[in-house]
Amino acid sequence: MRFPGLVALLCLAGCGGGKRGPAPLPATVIEGATWIGEHGEAVADSVVVVRGNRIEAAGPRASVTIPTDAQRVDAAGLFLIPGMMDLHVHLGATGGPGFRPGDYTPERIRKNLDSYLYHGVTTVRSAGTERAEGFEIRNAQRAAPVTTRLFTAGRGFTGVRGHPSQEIGDIARQPATPEDARAQVREITAQQADLIKIWIDGKSEIRIKPETVEAILDEAGRSGIPVHAHIRYYQDARHFFAKGGAGFLHMIRDRKAADFEREFLDEIKKRQTVFVPTLVRQELAWLYRDHPERLDDEEVARLVSPETLAAVREAAKKMPAPSALQKEEFALAMANSKALAEAGVAFAVGSDGGSQNDLHGLMTHRECELLQQAGLPPKEVLKAATRNGALALGKSSELGTIAPGKLADIVLLSANPLEDSRNLRKVSRVMLDGKWVDRGALSLK
Ligand SMILES: [Zn+2]
């Protein structure tokens with residue numbers, strides 16, 4: 001059955017016939033908003049009914065019956081979208097200039113998650129830097145989330161002394177042999193990680209060996225856990241994918257999309273493989289150097305402590321001018337994102353939040369802007385930020401769209417995201433798991 005929860009809820013609400021059984025779950029009706037549907041269609045004067053933590057009904061006013069027991073919320077003038085998703089984050093980090101192991105505390109992880117929640121991002125996927133504390137938080141809130149939903153890869157794999165071990169140290173697993181890698185995959189499987197992460201980047205001497213990548217994919221395949229890779233070079237991406245890789249973080253930036261082999265592209269589309277290009281990570285190499293005034297944004301002050309903000313300002317002053325290669329790679333990543341999206345490849349949003357100067361939540365929105373700047377139409381950016389995130393997580397039946405039976409993660413915006421993706425930042429209200437979030441009360445710094 002596809003929506004066992006829905007059937008249960010409908011019965012609680014309507015099948016008891018007033019006889020025995022528990023009281024119906026509380027209902028909320030959000031009425032009057034322009035609801036942006038799954039395919040970018042705008043439904044004016046919509047009605048969305050939420051019962052308990054699930055969506056019970058959604059549609060134009062004439063098509064939805066408003067339950068008499070519902071609490072009604074007038075959302076006229078607002079735009080209603082599903083909770084957004086960021087599929088590339090690193091928790092237990094301030095987003096300051098350096099990755100400090102001491103920042104990895106339950107308190108910091110919760111603040112990071114609340115920072116996403118504040119920005120309308122109700123689901124994140126943590127990509128390779130998670131220790132036990134993150135798993136504990138994930139497990140504790142699976143049944144009843146009180147902050148942004150967390151999916152996690154645990155600790156990811158790289159080559160011995162490979163990227164990014166220079167920045168993050170031994171959080172990155174560096175198996176010496178394929179057998180060692182297999183044993184570590186079994187460890188991650190035992191932790192019930194949601195995915196496995198591999199970094200395939202850096203000079204060839206330190207890059208993870210193809211036979212180790214193959215061993216990880218083979219061992220992960222036995223337990224059905226998907227493997228997602230940080231990639232940079234075309235041949236690595238192709239090899240990883242051919243051996244069963246499930247998805248990509250970052251964009252290929254040593255070859256034009258027009259020069260990708262046809263079979264590779266066809267297979268990506270056939271398997272609905274999602275790219276999370278994380279363009280903002282590249283741009284952050286110069287963003288604050290060129291635009292220090294962006295750090296004056298009041299949202300930045302709300303998000304980070306004065307100490308972190310001062311450190312980012314200082315780091316921005318010392319940033320070298322971007323090299324010709326950095327600029328070239330950025331231009332190629334932007335052009336490839338546009339070309340692949342036009343070719344029908346699915347995209348999702350990822351910010352790399354928590355890495356160097358990469359502010360949680362705020363940079364999710366910068367990534368949306370960059371996808372638009374790359375040439376994705378706003379409705380495709382919205383899809384990347386919502387529906388395709390759920391697709392990449394294998395959670396399309398529960399999350400990513402507003403549909404009966406799905407979990408009620410909902411964002412109300414004060415401006416139309418189909419006109420400009422920058423309007424995704426204009427968050428007015430957030431509902432997580434059927435409950436309104438008191439955004440002002442969240443402690444983010
Ligand atoms: Zn990352």
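Reader: How many of the residues in strand β4 (residues 46-51) are buried?
Author: Keep in mind that this is a predicted model. Take the two faces of β4 in turn: Ser46, Val48 and Val50 on one side are buried, and so are Val47, Val49 and Arg51 on the other. With both faces covered, the count for β4 is six of six.

Reader: Which residue in β4 stands opposite Thr28?
Author: Start with strand β1 (residues 27-31), which pairs with β4 in the antiparallel sense over five bridges. Thr28 faces a β4 residue that is buried on the side with Ser46 and Val48. That residue is Val50.

Reader: And what is the bridge partner of Val48 in β5?
Author: β4 also runs antiparallel to strand β5 (residues 54-60), and six bridges join the two. They form a hairpin with two residues between them, and Gly52 in the turn has a positive phi of about 60°. Within β5, the partner of Val48 is Ala58.

Reader: Which strands are the edges of the six-stranded open sheet?
Author: The order is β3-β2-β7-β16-β17-β18, with mixed pairing. At one end of that order, β18 pairs with strand β17 (residues 427-432) in the antiparallel sense over two bridges, and Leu432 stands opposite Lys435 in β18. An edge strand here pairs on one side only, and the ones that do so are β3 (42-43) and β18 (435-436).

Reader: Which element gives the largest share of the side of domain 1 that touches domain 2?
Author: The chain is divided into domain 1 (4-81 + 404-440) and domain 2 (83-393), with C-alpha centres 30 Å apart. Each domain puts 21 residues into the contact, and on the domain 1 side the elements giving two or more are β16 (410-413) and β17. By class, that side has eleven nonpolar, two polar and eight charged residues. The largest share, three residues, comes from β17.

Reader: At what angle do helix α5 (residues 178-190) and helix α6 (residues 210-223) cross?
Author: Two packed helices are described by the angle and the distance between their axes. For α5 and α6, the axes come within 9 Å, and the crossing is right-handed. The angle is roughly 35°.

Reader: How do the residues of the contact of α5 with α6 divide into nonpolar, polar and charged?
Author: On the α5 side the contact is made by Pro178, Ala181, Arg182, Val185, Arg186 and Thr189. Across from them, α6 brings Glu211, Thr212, Ala215, Ile216, Glu219, Ala220 and Ser223. Sorted by class, that makes six nonpolar, three polar and four charged.

Technical notes. Residues are numbered from 1 along each chain as its sequence is written. This is a predicted model: local features need pLDDT of at least 70, side-chain atom pairs count only at pLDDT 80 or more; totals for chains, interfaces and linings use all residues. Axes are lines fitted to C-alpha atoms, for helices over the stretch in contact, and angles run from 0 to 180 degrees between N-to-C directions. Helices (H or I, at least four residues) and strands (E, at least two) are DSSP runs, numbered from the N terminus. A crossing is left-handed if the near helix is turned anticlockwise from the far one by less than a right angle, and right-handed if clockwise. Two residues are in contact if their C-beta atoms, placed from the backbone, lie within 7 Å. Ala, Val, Leu, Ile, Met, Phe, Trp, Tyr, Cys and Pro count as nonpolar, Asp, Glu, Lys and Arg as charged, and the others, Gly among them, as polar. Two strands pair if DSSP finds at least two bridges between them. A residue is buried if 20 or more other C-beta atoms lie within 10 Å of its own, exposed if 12 or fewer, and partly exposed in between; C-beta atoms are placed from the backbone. Domain bounds come from an automatic or database domain assignment.
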